[in-house]
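Please work through the exercises below with the sequence and the structure at hand. Each task is followed by a worked solution.

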Amino acid sequence: MVDGEIIEFLAYITYNNYFGKTYKTFLQINLKGNFLFSEIWQKIEKSKNIVLASHKNPDGDALGSSLGFFNVLKKKGINAYLFNVTKQLPPKFDFLKGYDKIKSTFPKKCDLLIAFDCGNFDRLGIERGEYPIINIDHHRNNSMFGDLNLVDESAPSSSAIVFNMLKELNIEIGKDAANCFYAALVEDTGFFSYESVNKKVFDIASSMVEAGAEPFFVAKNLRERNSLGRMRLTALFINSLKLYKNATIACGIVTQEMFKKTGALRSDAEHLCNLARSLATVELSILYIEEEDGKFKVSLRSKNFIDVSKIALRFNGGGHKRSAGFETTEKDLYSLTKKIIKASGIL
Ligand SMILES: [Mn+2]
């Protein structure tokens, strides 16, 4: 072999990452020793029409990780297109720089798609095109739909993975991006209250603040700007709650009619499943949201021991141990609830 010659081959790679577990990915390794991070960055530098995409009905992590990355690229003079299929984005995140640039139409030109916080390709809400895909995510059972998959289910947020990669690559982050990454982190950890929170999470939060993130600015914007519609929707949801199995299971619904009645937005329903779980006796919380097309989005939350990602997987969904979900065309919610309870193992 000639010195410096690059031999590329496809391999299944695992190696230790920041959070102590392993990345599993198919990627091309070359004998010069460039691994996933630099592989990703090289692809970005070679591409002309980069699309940054996140899952439909995006949460703070989906928006924060993609917007943060957008701001970093912008600082580097690299232009990217922000895409999310959802027409009405949650206004809660409108303080994040670049929010107003997110488009719900897929651009005509794309030679690289980067998916953020997306457990499988379907959640992007688009048809698969000819372009290569980089998949950056932390969901359990990620389907590894990318050509490069930076997937770490032990990471507290997708933004933590992105932030860590940028630090490793010595790329300047800046205040705007740091605020996006930090907002994503606090949203996905329930402001540092979930099971996933450990010293490393605080370390990464601290290093985001070092990079310019402003905790008070982010908290104020995320927590002190609720609409009256959201509060009224919460009231209707609480009235819909039913408890089963000695009040260890809570089940509630949000219908299209309830959205209309209260003027609440789709994103105003996102907190309700956690709210039902907060009842002292509840281990499993189930939330049905009726979508505009008549389908139901089913959200699942557990408190101590049920792995809801496994339940969601049975219904072709996914998520995390304590937070997961799926979509269904089933109209008989009573029998669906029975099936979920059966799958949960609480008898
Ligand atoms: Mn996430």
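The exercises concern a predicted model.

**Exercise 1. Identify the residues with the most contacts inside the largest nonpolar core, and the helix that gives the most to this core.**

Solution. The largest nonpolar core comprises 56 residues. Within this core, the most contacts belong to L52, I114, A115, F181, Y182 and M208. Helix α4, residues 175-188, gives the most to the core, contributing nine residues. Next, take L52: beyond its neighbours within four places in sequence, L52 is in contact with S66, F69, F70, A80, Y81, L82, F83, I114 and F116. Another core, of 28 residues, lies apart from the largest one and includes I286, Y288, V298 and I311.

**Exercise 2. Determine the strand order of the six-stranded open sheet, and which strands are its edges.**

Solution. The order is β8-β9-β10-β11-β13-β12, with mixed pairing. The edge strands are β8 (242-244) and β12 (318-319), since each pairs on one side only. Inspect next β9 (residues 249-254) and β10 (residues 284-290): these strands run parallel and are joined by six bridges. A250 stands opposite S285 in β10. Finally, helix α11 (residues 333-344) packs on the sheet and touches β8, β9, β10 and β13 (323-328). The direction of α11 makes about 150 degrees with that of β10.

**Exercise 3. Decide how E39 is classed by exposure.**

Solution. First, locate E39 in helix α1, residues 36-46. Then count: E39 has 19 C-beta neighbours inside 10 Å. A buried residue requires 20 or more, so E39 counts as partly exposed. Lastly, E39 and L148 are 109 residues apart in sequence, with their C-alpha atoms 8.4 Å apart in space.

How values were computed: Residues are numbered from 1 along each chain as its sequence is written. This is a predicted model: local features need pLDDT of at least 70, side-chain atom pairs count only at pLDDT 80 or more; totals for chains, interfaces and linings use all residues. A nonpolar core is a set of buried Ala, Val, Leu, Ile, Met, Phe, Trp, Tyr and Cys residues joined through C-beta atoms within 7 Å. A residue is buried if 20 or more other C-beta atoms lie within 10 Å of its own, exposed if 12 or fewer, and partly exposed in between; C-beta atoms are placed from the backbone. Helices (H or I, at least four residues) and strands (E, at least two) are DSSP runs, numbered from the N terminus. Two residues are in contact if their C-beta atoms, placed from the backbone, lie within 7 Å. Two strands pair if DSSP finds at least two bridges between them. Axes are lines fitted to C-alpha atoms, for helices over the stretch in contact, and angles run from 0 to 180 degrees between N-to-C directions.
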